[in-house]
Amino acid sequence: IFFLDTDRALVLLEEYCKKLRKPEEQQLKKAIRKVMGIFKSSLFQALLGSFKKKATRHGTTSHTSLPAALTCDVLGCTKD
């Protein structure tokens, strides 16, 4: 289980969106912006908070960011 770092994921997604300039990339850019909106939503944040509390209670957290890690996997960026 991971600490959930949506801020890092949002930064990665925003950086990737800035690179999408070609007309054929605009549909992907629109889809990524929708994902960003979901990450920012109060419902998503509440679900993450609940998940984090359960994981912490069970002692199964680590310092890796799940949303950022998933974003890196999808976008193929380097993980620091």
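**Helix packing and side-chain contacts in the predicted model**

At 8% relative accessibility, Thr 6 counts as buried, because the cut-off for that class is under 20% relative accessible area. Thr 6 belongs to helix α1, which spans residues 6-19, and its side chain makes a polar contact of 3.2 Å with the side chain of Gln 45. The structure described here is a predicted model. Its pLDDT averages 78 over the protein, with 61% of the residues scoring at least 70. Confidence is highest in helix α2, with a mean of 94, and lowest in helix α4 (residues 66-75), where the mean is 62.

The largest nonpolar core comprises eight residues, namely Ala 9, Leu 10, Leu 13, Cys 17, Leu 20, Ile 32, Met 36 and Phe 39. Helices α1 and α2 (26-40) each contribute at least two residues to this core, and α1 gives the most, with four. Among the core residues, Leu 20 touches Glu 25, Gln 26, Leu 28, Lys 29 and Ile 32, when residues up to four places away in sequence are not counted. Another core member, Phe 39, is buried, with a relative accessible area of 12%.

One aromatic pair is present in the structure. The ring centres of Phe 39 and Phe 44 lie 4.9 Å apart and their planes meet at 15°, so the pair is classed as stacked. Phe 39 therefore combines a buried position, at 12% relative accessible area, with membership of the largest nonpolar core and with a place in the stacked pair.

A search of the whole structure likewise finds one salt bridge. This salt bridge joins the side chains of Glu 14 and Arg 33, with an N to O distance of 3.1 Å. Because Glu 14 lies in helix α1 and Arg 33 in helix α2, the pair ties together parts that are 19 residues apart in sequence. In general, side chains of opposite charge can pair when their charged atoms come close. Glu 14 counts as partly exposed, at 25% relative accessibility, and Arg 33 is also partly exposed, at 38%.

A further relation in space concerns Val 11, which is placed in helix α1. With a relative accessibility of 39%, Val 11 counts as partly exposed. Val 11 and Met 36 are separated by 25 residues in sequence, and their C-alpha atoms are 9.5 Å apart in space; Met 36 is itself one of the residues of the largest nonpolar core.

Methods
Residues are numbered from 1 along each chain as its sequence is written. This is a predicted model: local features need pLDDT of at least 70, side-chain atom pairs count only at pLDDT 80 or more; totals for chains, interfaces and linings use all residues. Side-chain values use heavy atoms; hydrogens and water are left out. Buried means under 20% relative accessible area, exposed over 50%, partly exposed in between (1.4 Å probe, protein chains only). A polar contact is a pair of N or O atoms within 3.5 Å; within protein, one must be able to donate a hydrogen and the other to accept it, and residues adjacent in sequence count only if both atoms are side-chain atoms. A nonpolar core is a set of buried Ala, Val, Leu, Ile, Met, Phe, Trp, Tyr and Cys residues joined through side-chain atoms within 4.5 Å. Contact means heavy atoms within 4.5 Å. Rings of Phe, Tyr and Trp (its six-membered ring) pair if their centres lie within 6.5 Å; planes under 30 degrees apart count as stacked, over 60 as edge-to-face and the rest as tilted. pLDDT is the predictor's confidence in each residue, from 0 to 100. A salt bridge is a side-chain nitrogen of Lys or Arg within 4 Å of a carboxyl oxygen of Asp or Glu.
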